[in-house]
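Subject: Structure handover

Hello,

Below is the structure you asked to look at. My notes on it follow underneath.

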Amino acid sequence: MHATVLVTGGAGYIGAHVVVALARAGYAPLILDNFANSSKAVLPRLTRLVGADVPLIVADVRDRAALSRTFAEHRIEAVVHCAGLKAVADGEAQPLAYYDNNVAGSIALSLAMHDAGVRTLVFSSSASVYGQPERNPVAESAPLAPANVYGRTKRTIEVMFEQLEASDRSWRIALLRYFNPAGADPSGEIGEAPSHAPNNLVPILAEVAAGQRSHVDVFGNDYPTPDGTGVRDYIHVSDLAEGHVAALSHLERQPGLATLNLGLGHGASVLEVIAAFERACGKPLRRRRCRDLLCRPRTSERHAALACPARLGRDLRRCLALAARCDALAHAQRHGKRVVIG
Ligand SMILES: NC(=O)c1ccc[n+]([C@@H]2O[C@H](COP(=O)([O-])OP(=O)(O)OC[C@H]3O[C@@H](n4cnc5c(N)ncnc54)[C@H](O)[C@@H]3O)[C@@H](O)[C@H]2O)c1
């Protein structure tokens, strides 16, 4: 019998890749999503990828009654909690909506898990909990200083889960701090296709390549990085998804709380990513260098953030050894084409 794993936000970019990784690892994923930033179009694509229909519950993760029904109707053994709002600028503009969705959603979910006796949880946290790190690469023990509302919602949820586990040692919780997920499943079936305008570099480049956007704005020209633009630790989303499977198998063997960076430990600058994307799609992409103050990035923007994957257990290490995949951009481009073709 395959263990059922509830994936909140499972119709979204990372959640859909987690669903595929779980199914391929022999779990039975069950999606709960309210489609705030995704669409049902992902479902037939997931069916094609995993060879079976993936059951779906259309619900808001803050809806306690819907969660209770879900846990009553399915024998759920673990939860991967990806549902959340993630646009940094929107968080600054609507802090209450971000705390409500992300923090209140996590409270409702853990209460429902508690009531149902489900104690295994993998949480989508973010490197934004470090803010602008003092030194790179960043270890999990680095100071935590989230610099925006979004990062603060993630850290608030982490603290809640840390205290929950400390109060009841039967919990098994992994806090996965993602660095910069990029790319798409090599099939091109699933990828980053947000309902709203994308905020991340790679989907923006996919739109420029597809002719849906005239150019990409390049913020920052005087950061203390080799070419003056921001450096990020890009991890292939399929490797990131496998990190969730490895985290679950770690929690199956070992109760407690595990806090883990998911990144490679080396980075690429904005200009390097654009050049790589141009190679992947075989054409130049228009960019606009923003030297103007009006075009300056948000003050909370980090100029560099690289993971130090020092604390990874053996499973995660093995899984991230695969993460040298250099085809993240080609895969993103392939998905971009699929999205445009429909
Ligand atoms: N993509 C990144 O760069 C990144 C980096 C670090 C952390 N994360 C975190 O990973 C998680 C997944 O990110 P993603 O990139 O897949 O984003 P996404 O927007 O593509 O996916 C999130 C999914 O959650 C759903 N959702 C949002 N609020 C919900 C609610 N209240 N109830 C039910 N469903 C809800 C959305 O409809 C969407 O399908 C998020 O928690 C995000 O904060 C993402």
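Just after helix H7 comes Gly211, and this glycine has a positive phi of about 80 degrees. Please keep in mind that the model is predicted.

**The chain as a whole**

The protein chain contains 11 helices and 14 strands. It has 342 residues, and buried residues make up 49% of them. If you take the contacts between residues at least 6 apart in sequence, 80% of these join residues at least 24 apart.

**The ligand**

There are 30 residues around the ligand, and Gly9, Gly12, Ser38, Gly84 and Ser124 are the closest. Four elements give two or more residues to this shell: helix H1 (13-24), helix H5 (95-116), strand S5 (120-126) and strand S7 (180-182). The one that gives the most is H1, with three residues. By type, the shell has 14 polar residues, 12 nonpolar and four charged.

**The nonpolar core**

The largest nonpolar core holds 84 residues, and Val19, Ala174 and Leu205 have the most contacts inside it. H1 is again the element to look at, since it gives the most to this core, with nine residues. Leaving out residues up to four places away in sequence, Val19 touches Val7, Gly10, Pro29, Ile31, Leu46 and Val54.

**Helix H2**

Which residues of helix H2 (residues 42-50) are buried? They are Val42, Leu46 and Leu49. Seen down the axis of H2, the buried residues fall within an arc of 60 degrees, so they line one face of the helix. The general background is that an α-helix has 3.6 residues a turn, so residues three or four places apart point the same way. On the face of H2 turned away from the buried side you will find the exposed residues Pro44 and Arg48. H1 is included in what covers the buried residues of H2. After H2 comes Gly51, which has a positive phi, near 75 degrees.

**Helix H7 and Val208**

Helix H7 (residues 201-209) is another case. Eight of its nine residues are buried, so H7 is largely enclosed by the rest of the structure. The buried ones are Leu201, Val202, Pro203, Ile204, Leu205, Ala206, Val208 and Ala209. Leu205 was also named above, among the residues with the most contacts inside the largest nonpolar core.

Val208 is a residue of H7. Why does Val208 count as buried? It has 23 other C-beta atoms within 10 Å, and a residue is buried if that number is 20 or more. Apart from neighbours within four places in sequence, Val208 is in contact with Arg213, His215, Val216, Leu285 and Arg286. Val208 and Arg287 are 79 residues apart along the chain, and their C-alpha atoms are separated by 9.2 Å.

**Strands S8 and S13**

Val216, one of the contacts of Val208, is part of the covered face of strand S8 (residues 216-219). Val218 is also on the covered face, while Asp217 and Phe219 make up the uncovered one. S8 runs parallel to strand S13 (residues 287-290), and four bridges join the two. Opposite Val218 in S13 stands Arg289.

**Two more buried residues**

Val61 is in the loop between strand S3 (56-58) and helix H3 (64-73). Val61 is buried, with 26 other C-beta atoms within 10 Å. Not counting residues up to four places away in sequence, Val61 touches Thr8, Leu32, Ala83, Gly105, Ala108 and Leu109. Of these, Leu109 is 48 residues from Val61 in sequence, yet the two are 6.5 Å apart in space, C-alpha to C-alpha.

Ile173 is in strand S6 (residues 172-178). Ile173 is buried too, with 24 other C-beta atoms within 10 Å. Beyond neighbours within four places in sequence, Ile173 is in contact with Leu121, Phe123, Phe161, Glu165 and Leu257. Ile173 and Val79 are 94 residues apart in sequence and 9.6 Å apart in space, C-alpha to C-alpha.

Regards

How values were computed:
Residues numbered from 1 in each chain as written. Predicted model: local features only at pLDDT ≥ 70, side-chain atom pairs only at ≥ 80, totals over all residues. Near = placed C-beta within 6 Å. Nonpolar A, V, L, I, M, F, W, Y, C, P; charged D, E, K, R; others polar. Buried ≥ 20, exposed ≤ 12 C-beta atoms within 10 Å, placed from the backbone. Core = buried A, V, L, I, M, F, W, Y, C linked by C-beta atoms within 7 Å. Contact = placed C-beta atoms within 7 Å. Arc of directions from axis to C-beta. Pairing = 2+ DSSP bridges.
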